[in-house]
Each structure stands twice: as C-alpha cells, then as structure tokens.
Amino acid sequence: MSSPKLIRLLFIVCLIGLFAGFIQSFLWILIAIIGLALAINWALEDLRNNTMGSDILAILAIIGTLITEESFAGAVITLMLATGRLLEKWAEGQAERQLKSLLERVPRSAHRKNQDEFLKKRANKDFTKNY
C-alpha cells in the first residue's frame, strides 16, 4: 500500500486540502483522518517487517490533534508524513540507479602478473547476473 503513486497522491491531496481547509475547515479533519489511517497501515507493515519508523510518533501526534480539535496541526502532520515518504521513495530510486550504474562499470576481465613478469588476461565472473 506504500506504492509511489499512492504517496504522490497523498502528498497532492494533503497540499490541496491544507490550503482548501482555510475555506472549509472540515477538510483539515478529513486530511488528518486519512493520514492517521495510512500511518497506522505503515506502522503495521513496519511491525511485520520487524522495523520501527516514525509512524508511531505520527499516529500519536495526529490522535492528539484530533482529540484537542487542532485539525490544522493534524493536516500539517499528515503533509509532513507524506513529504517524508515521498522523499524516501525518491532517495531509494536515486540509490538504485546509482548502484546499477556502478554495476555496469564492473570490469569484465583482469590482468594478472605471474612470477615471470608476464601478463595474463583472465575473465572475471559476471557479478551483475543477480541484479
């Protein structure tokens, strides 16, 4: 459920809802509830993967804003959560592209010098087959 398209959609909806909330304040509550649902889902995914992120803190913060009727703060927290996820996905993509670029530059052969000062060319294993 944490696909890049969903995260981009959440970011756009949060951004629009944050500004539209100045006209209709119930949009801030709606944005906070959407963010709470997604944060709970992401926290459960993290628990299944034996990892822990900042989603628990976001859940507590959004619940606190809904209890204290600070819906604007809840919408801002949801926007922050969406922005963090969006940046995380972007960074993962950048790292993956850089690693693939490095793997394409792996030498396919090596020169070996023996005791008689002769050079022999020997093919290396192709390490990029697994990627």
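How many aromatic pairs does a search of the whole structure find? The search finds three aromatic pairs in this model, which is predicted, and the legends below look at two of these pairs before turning to the nonpolar core and the largest pocket.

**View 1. Phe22 and Trp28 form an edge-to-face aromatic pair.** The ring centres of Phe22 and Trp28 lie 5.2 Å apart, and because their planes stand at 90°, where anything over 60 degrees counts as edge-to-face, the pair is placed in that class. The two partners differ in how far they are covered: Phe22 counts as exposed, with a relative accessibility of 58%, whereas Trp28, at a relative accessible area of 11%, is buried.

**View 2. Trp28 also pairs with Phe72.** In this aromatic pair the distance is 4.9 Å from centre to centre and the angle between the planes is 65°, which again makes the arrangement edge-to-face. The pair links distant parts of the chain, since Trp28 belongs to helix 2 and Phe72 to helix 4, with their positions 44 residues apart in the numbering. Phe72 is partly exposed, its relative accessible area being 35%. Taken together, Phe22, Trp28 and Phe72 make up one aromatic cluster.

**View 3. Leu10 and Trp42 are the members of the largest nonpolar core that touch the most other members.** This core has 20 residues, and the elements that supply two or more of them are helix 1 (4–20), helix 2 (26–48), helix 3 (55–67) and helix 4 (71–104). Helix 2 gives the most, with eight residues.

**View 4. Leu10 is shown with its contacts from further along the chain.** When neighbours within four places in sequence are left aside, the residues in contact with Leu10 are Ile34, Leu38, Trp42, Thr78 and Ala82. Trp42 is therefore worth finding in both this view and the previous one, as it is a contact of Leu10 and, like Leu10, touches the most other members of the core.

**View 5. The largest pocket has a volume of about 310 Å³.** Its lining is made of 16 residues, of which Ser54, Asp55, Leu81, Gly84 and Arg85 are the closest to the centre of the pocket. Helix 3 and helix 4 are the elements that give two or more residues to this lining, and the greatest contribution comes from helix 4, with eight residues. Sorted by class, the lining of the largest pocket holds six nonpolar, four polar and six charged residues.

Note on methods:
Residues numbered from 1 in each chain as written. Predicted model: local features only at pLDDT ≥ 70, side-chain atom pairs only at ≥ 80, totals over all residues. Heavy atoms only, no water. Core = buried A, V, L, I, M, F, W, Y, C linked by side-chain atoms within 4.5 Å. Buried < 20%, exposed > 50% of the residue type's maximum accessible area, 1.4 Å probe, protein only. Helix = DSSP H or I, 4+ residues; strand = E, 2+ residues; numbered from the N terminus. Contact = heavy atoms within 4.5 Å. 1 Å grid on protein atoms, 1.4 Å probe; cavity = no way out; pocket = protein on both sides within 12 Å on 5 of 7 lines; lining within 4 Å. Points joined across faces, edges and corners; volume = space filled by probe spheres on them. Nonpolar A, V, L, I, M, F, W, Y, C, P; charged D, E, K, R; others polar. Phe/Tyr/Trp six-rings, centres within 6.5 Å; stacked < 30°, edge-to-face > 60°.
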